Amino acid sequence: MPKRNLGPATKVSKELLGMLNQAIASELQVAIQYVWQHVQWGGVKGFAVQDELRAIGIAEMKHAEAIAERLYYLGGIPTTKPTPIFVGTTLKEMIAQDVKDEEGAIKLYKQIVEKARKEGDETTNRLFREILQQEEDHHDTFTTLLEDL
Ligand SMILES: [Fe+2]
Ligand SMILES: [Fe+2]
């Protein structure tokens, strides 16, 4: 990649950069959390859940990558530190936590969509509207699974 002497074409506030790093930290958290839950699941009902956990975990890592690319373009340095990971012991405990984490992501990403719009950063706005839709799907999947646990 060529060296940028003049900085990116789009400039955003420190606050928005901080929110993007918050998003990366939570994506890293759930990427690890879901894949480790996929490894550590138990019980008969776990059969139905384990593939879903793995697939969603990998999707979260892709979100982390996409957000990191955007943050780096905007002049920020992507964090390598996840927010605290909760694996849990029972399946019910695991999925109940995952529902909460998806709710947290949905809340934060709505704020980022709004903030990016206010700052005229259309690309970040679009990226987070796309990711937001996927987090709503994850939330839907986890709440449906939780009903049967
Ligand atoms: Fe995500
Ligand atoms: Fe998610």
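**View 1. Ile-32, a partly exposed residue of helix H1.** In this predicted model, Ile-32 has a relative accessible area of 33%, so it counts as partly exposed. You'll find Ile-32 in helix H1, which runs over residues 14–40. Leaving out residues up to four places away in sequence, Ile-32 touches Pro-82 and Ile-85. The pairing with Ile-85 spans a good stretch of chain: the two residues are 53 apart in sequence, yet their C-alpha atoms sit 7.5 Å apart in space.

**View 2. Gln-29, a buried residue of the same helix, H1.** Gln-29 has a place in helix H1, which also holds Ile-32. With a relative accessible area of 7%, Gln-29 falls under the 20% limit and therefore counts as buried. What does its side chain reach? The side chain of Gln-29 gets to the backbone oxygen of Pro-84, at 3.3 Å. Setting aside neighbours within four places in sequence, Gln-29 is in contact with Pro-82, Thr-83, Pro-84, Ile-85 and Asp-101. Pro-82 and Ile-85 turn up here as they did among the contacts of Ile-32.

**View 3. The largest pocket and its lining.** Here we look at a pocket with a volume of about 230 Å³. Its lining is made up of 15 residues, and those nearest the pocket's centre are Ser-26, Asp-101, Gly-104, Ala-105 and Leu-108. Two elements, H1 and helix H3 (91–118), each give two or more residues to this lining. By type, the lining residues divide into five nonpolar, five polar and five charged. Asp-101, one of the residues nearest the centre, is also in contact with Gln-29 from View 2.

**View 4. The iron ion (ligand 1) and its protein donors.** Which residues hold on to this ion? Its donors are Glu-27, giving two OE atoms, Glu-60 and Glu-135, giving one OE each, and His-63, giving ND1. These atoms lie 2.0 to 2.3 Å from the iron ion (ligand 1). Along the sequence, the donor residues follow the spacing E-x32-E-x2-H-x71-E. Glu-60 and His-63 both belong to helix H2 (residues 46–73), and because they are three residues apart there, about one helical turn separates them.

**View 5. The iron ion (ligand 2) and the bridge to its partner.** This ion's protein donors are Glu-60 (OE), Glu-102 with two OE atoms, Glu-135 (OE) and His-138 (ND1), at 2.0 to 2.3 Å from it. Their spacing along the chain reads E-x41-E-x32-E-x2-H. How far apart are the two iron ions that Glu-60 bridges? The iron ion (ligand 2) and the iron ion (ligand 1) lie 3.9 Å apart, with Glu-60 bridging them. Glu-135, too, is listed among the donors of the iron ion (ligand 1) and among those of the iron ion (ligand 2). In helix H4 (residues 122–147), Glu-135 and His-138 are about one helical turn apart, because three residues separate their places in the sequence.

**View 6. His-63 and the residues around it.** His-63 lies in helix H2 and donates its ND1 atom to the iron ion (ligand 1). Is this residue buried or exposed? At 4% relative accessibility, His-63 counts as buried. Glu-60 has a relative accessibility of 0%, so it counts as buried as well. Glu-135 and His-138 are also buried. The side chain of His-63 makes a polar contact with the side chain of Glu-135, at 3.1 Å. Not counting residues up to four places away in sequence, His-63 touches Glu-27, Ile-131, Gln-134, Glu-135 and His-138. Among these neighbours, Glu-27 is a donor of the iron ion (ligand 1), while His-138 is a donor of the iron ion (ligand 2).

**View 7. Stepping back to the chain behind the close-ups.** The chain has four helices and zero strands, so to read along the sequence is to follow the pattern α-α-α-α. Its C-alpha atoms fill a box of roughly 60 × 25 × 20 Å along the principal axes. Of the 149 residues, 42% count as buried. Take the contacts between residues at least 6 apart in sequence, and 82% of them join residues at least 24 apart. The pair Ile-32 and Ile-85 from View 1, 53 residues apart in sequence, is in contact too.

How values were computed: Residues numbered from 1 in each chain as written. Chains lettered and ligands numbered in written order. Predicted model: local features only at pLDDT ≥ 70, side-chain atom pairs only at ≥ 80, totals over all residues. Heavy atoms only, no water. Donors = N, O, S within 2.8 Å, 3.2 Å for Na, K, Ca; no water. Buried < 20%, exposed > 50% of the residue type's maximum accessible area, 1.4 Å probe, protein only. Contact = heavy atoms within 4.5 Å. 1 Å grid on protein atoms, 1.4 Å probe; cavity = no way out; pocket = protein on both sides within 12 Å on 5 of 7 lines; lining within 4 Å. Points joined across faces, edges and corners; volume = space filled by probe spheres on them. Nonpolar A, V, L, I, M, F, W, Y, C, P; charged D, E, K, R; others polar. Polar contact = N/O pair within 3.5 Å; in protein donor to acceptor, adjacent residues only side chain to side chain.
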